[in-house]
Amino acid sequence: MFDVATRPQPNTVDAASVFGMPFDWRLVTPGPAVTYPWKDFVQPNGVPVVYADVLATYSVELEDTLQTAVILSLFTDRRAGIDDKLPQGETDRRGWVGDEFTTDDFDSRPDPWGSLLWTCYGGKSSQELLERARFAAAEALDWMLRDGIASRVSVIAQWVGERQDRLAVRPSIYKPGQVAPVYDVLWGTSVKRFIQ
C-alpha cells in the first residue's frame with residue numbers, strides 16, 4: 001500500500017504527478033497548520049516531557065473512476081488455497097486477515113481481497129506462467145461483473161520491456177452500454193522472466 005504521509009507534499013493537487021502512476025486519488029488543499037501536543041514518557045528520570053509539532057493537515061479524496069478498485073484488486077495478496085502453486089521456497093499463503101471474518105451475515109457473496117499474481121513470482125517463464133497471471137488478474141476483477149460495475153472484463157498477460165523480460169497485465173474494463181473500455185492500462189510487475 002502507499003503511505004501518503006511519507007511522500008513530499010506537492011505544489012499540485014494531482015496525485016498522479018506525485019506518485020508517478022494513474023491513481024484516482026487527489027490531494028485536497030491542506031487546512032491551516034495546527035499545533036499537535038504530545039508527551040514523551042520515556043525519560044531516564046521518569047518525568048514526561050511535553051512537545052508540540054506544527055503540522056499541515058492533508059487529506060485524500062476519491063474520484064469517480066476505477067483506478068483504486070483495480071489497484072486494490074490486482075496488487076493486494078489474495079490468500080492462496082491448498083491447491084494453488086506457491087513460488088519456490090514459499091510456505092506463507094499470505095492473504096488479508098479480514099477474509100477470515102467475512103461470513104454470510106457480512107456479505108452473501110464474499111469476495112476475497114486481492115489477487116494471486118504474487119504466486120507468479122519465480123519459476124521458469126512459460127506460456128503456463130502467462131496464463132496463470134492472466135487468470136489471477138481476471139479472477140481478481142470478477143467482482144466488478146457480479147456487482148454490475150462492468151459488463152465485460154478482459155485481461156491480457158504479456159512479456160514487456162526491451163528484452164521482453166517483465167511480466168505485465170492489461171485489464172480492459174467495459175461499462176454496460178459502452179463499446180470502448182472505460183479502463184485500459186498496462187500494468188508492469190516486478191516479475192522477471194527467467195530465460196531458459
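How many helices and strands does the secondary structure of the chain come to? In this predicted model, the chain holds 3 helices and 8 strands. Read from the N terminus, the elements follow the order α-β-β-β-β-α-α-β-β-β-β. The chain has 196 residues, and 30% of them are buried. Its accessible surface amounts to about 12700 Å², with 54% of that area belonging to carbon and sulfur atoms. When contacts between residues at least 6 apart in sequence are considered, 49% join residues at least 24 apart.

Helix 3 was examined in more detail. This helix covers residues 127–146, which makes 20 residues. The distance from its first C-alpha to its last is 29 Å, close to the 28 Å expected at 1.5 Å a residue. A bend of about 35 degrees is found in helix 3 at alanine 140. Alanine 140 is also one of the buried residues of the helix. The others are Leu129, Leu130, Ala133, Ala136, Ala137, Ala138, Leu141, Trp143 and Met144. The cover over these buried residues includes one helix and two strands, namely helix 2 (67–75), strand 5 (152–160) and strand 6 (166–174). After helix 3 comes glycine 148, which has a positive phi, near 80 degrees.

Strand 6, part of the cover of helix 3, also stands at one end of a loop that leads to strand 7 (183–184). Proline 181 lies in this loop. Its relative accessibility is 31%, so proline 181 counts as partly exposed; the class runs between the limit for buried, under 20%, and the limit for exposed, over 50%. With neighbours within four places in sequence left aside, the contacts of proline 181 are Ser172, Ile173 and Tyr174. A further C-alpha separation was computed between proline 181 and alanine 150: the two atoms are 9.6 Å apart, while the residues are 31 places apart along the chain.

On the surface, Val34, Tyr36 and Leu55 make a nonpolar patch of about 240 Å². Leucine 55 belongs to strand 3, which spans residues 49–55. Why can leucine 55 be counted as partly exposed? The relative accessible area of leucine 55 is 43%, and a residue is placed in this class because its value is neither under 20% nor over 50%. A place in a patch requires over 30% relative accessible area, and leucine 55, at 43%, therefore meets that cut-off.

Notes:
Residues are numbered from 1 along each chain as its sequence is written. This is a predicted model: local features need pLDDT of at least 70, side-chain atom pairs count only at pLDDT 80 or more; totals for chains, interfaces and linings use all residues. Side-chain values use heavy atoms; hydrogens and water are left out. Helices (H or I, at least four residues) and strands (E, at least two) are DSSP runs, numbered from the N terminus. The expected span of a helix is 1.5 Å times one less than its number of residues. The bend at a residue is the angle between axes fitted to the seven residues ending there and the seven starting there. Buried means under 20% relative accessible area, exposed over 50%, partly exposed in between (1.4 Å probe, protein chains only). Contact means heavy atoms within 4.5 Å. Patches are made of residues with over 30% relative accessible area and no salt bridge: like charges are joined within 9 Å, nonpolar side chains (Val, Leu, Ile, Met, Phe, Trp, Tyr) within 5 Å. Accessible areas come from the Shrake-Rupley method with a 1.4 Å probe; for residues, only the protein chains shown count as cover. A salt bridge is a side-chain nitrogen of Lys or Arg within 4 Å of a carboxyl oxygen of Asp or Glu.
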